[in-house]
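Visitor: I am new to this structure. Please pick a single part and give me a close look at it, with enough of the surroundings to place it.

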Amino acid sequence: MGDLVLVTAIGALRERRPLIIEHDGVPYTILLKDGRIEAYINICPHQDKVFKPRLKDECLICPFHDVAFDVHSGKVVDSNGKTVRAGLPKAEVLVRDGWICLVTNERHRSLLEQAWARKKERGARKRKWSWTSLFGLGGKKNGDR
Ligand code: FES
């Protein structure tokens, strides 16, 4: 088991009112839905962006491109035409003596660092593409006009 982080008293968490917290630089959403407490790491698997989810019906929505994730499983419900490599990463929560505790571990921080690395790599590919196209070095093939 990882570290227990005290989040809030059980009575302070309202149904359908997600609570956004950060621990060790990792952003989390804790929410109560249909009497169940769920916790997610707020890194969108579409473009590895840290995001603040919006709750709509049975889904958590990333505001950047409106990809929808199931509120209980984190699975992609509607990709909105985007390629999304995975569902929303879940975290574990426990209730101890009337307090909601988040169970954190090194995997959470590592997910954030992996997301940063992918984002950086995408940024580098994009920059390379724009420089090569700017100077006409895009590598035309035979038959290209
Ligand atoms: S970054 Fe979240 S939907 Fe695109």
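Guide: Helices and strands here are DSSP runs, numbered from the N terminus; a helix needs at least four residues and a strand at least two. With that in hand, the order of elements can be read off. From the N terminus, the protein chain runs β-β-β-β-β-β-β-β-β-β-α. That comes to one helix and ten strands. Keep in mind that this is a predicted model. The protein chain has 145 residues, and buried ones make up 23% of them. Among its contacts between residues at least 6 apart in sequence, 44% join residues at least 24 apart.

The part to look at is strand E10, residues 99-104. Start with its sheet. Six strands form an open sheet, in the order E1-E10-E9-E4-E3-E2, and their pairing is antiparallel. Strand E1 (3-9) and strand E2 (19-23) are the edge strands, each pairing on one side only. From one strand to the next, the twist averages 30°. In the sheet order, E10 sits between E1 and E9.

Take the E1 side. E1 and E10 pair in the antiparallel sense over six bridges. Two of the partners can be named. Aspartate 3 has threonine 104 in E10 as its bridge partner. Leucine 4 is matched with valine 103 in E10.

Now the E9 side. Here E9 and E10 pair, again antiparallel, over five bridges. Valine 95 has isoleucine 100 in E10 as its bridge partner. E9 and E10 form a hairpin with two residues between the strands. In this hairpin, aspartate 97 takes a positive phi near 50°.

There is another hairpin to set beside it. E2 and E3 form one with two residues between the strands, and there aspartate 24 takes a positive phi near 55°. Five bridges join E2 to E3, which run antiparallel. One bridge pairs histidine 23 with valine 26 in E3.

Back to E10, and to its two faces. In a regular strand the side chains alternate between the two faces of the sheet. The covered face of E10 holds Ile100, Leu102 and Thr104. The uncovered face holds Trp99, Cys101 and Val103.

E10 also takes part in a core. In soluble globular proteins, nonpolar side chains tend to be buried together. The largest nonpolar core here has 22 residues, and Tyr28, Tyr40 and Ala91 touch the most other members. Strand E3 (26-33), strand E4 (36-41), strand E7 (68-70), strand E9 (90-96) and E10 each supply at least two of its residues. E4 gives the most, with three residues.

Alanine 91 links the core back to E10. Neighbours within four places in sequence aside, alanine 91 is in contact with Tyr28, Ala39, Tyr40, Ile41, Leu102, Val103 and His108. Among these contacts, Leu102 and Val103 are the ones listed on the two faces of E10.

What lies beyond this sheet? Four strands form another open sheet, in the order E5-E6-E7-E8, with antiparallel pairing. Strand E5 (54-56) and strand E8 (76-78) stand at its edges with a single partner strand each, so one side of each has no neighbour in the sheet. The twist averages 40° from one strand to the next. E6 and E7 run antiparallel and are joined by three bridges. One of them pairs cysteine 59 with aspartate 70 in E7.

The loop between strand E6 (59-61) and E7 holds proline 63. Proline 63 has 12 other C-beta atoms within 10 Å, so it is exposed; the cut-off for that label is 12 or fewer. Its contacts, leaving aside neighbours within four places in sequence, are Phe51 and Arg54. Proline 53 is ten residues away from proline 63 in sequence, and their C-alpha atoms are 6.7 Å apart.

Last comes the helix. Arginine 122 lies in helix H1, residues 106-134. Arginine 122 is exposed, because 12 other C-beta atoms lie within 10 Å. Glutamine 47 is 75 residues from arginine 122 along the chain, yet their C-alpha atoms are separated by 9.2 Å.

To return to the part we began with: E10 pairs with E1 over six bridges and with E9 over five. E10 has one covered face and one uncovered face, and it supplies at least two residues to the largest nonpolar core.

Technical notes:
Residues numbered from 1 in each chain as written. Predicted model: local features only at pLDDT ≥ 70, side-chain atom pairs only at ≥ 80, totals over all residues. Buried ≥ 20, exposed ≤ 12 C-beta atoms within 10 Å, placed from the backbone. Contact = placed C-beta atoms within 7 Å. Pairing = 2+ DSSP bridges. Axes fitted to C-alpha atoms, helices over the stretch in contact; angles between N-to-C directions. Core = buried A, V, L, I, M, F, W, Y, C linked by C-beta atoms within 7 Å.
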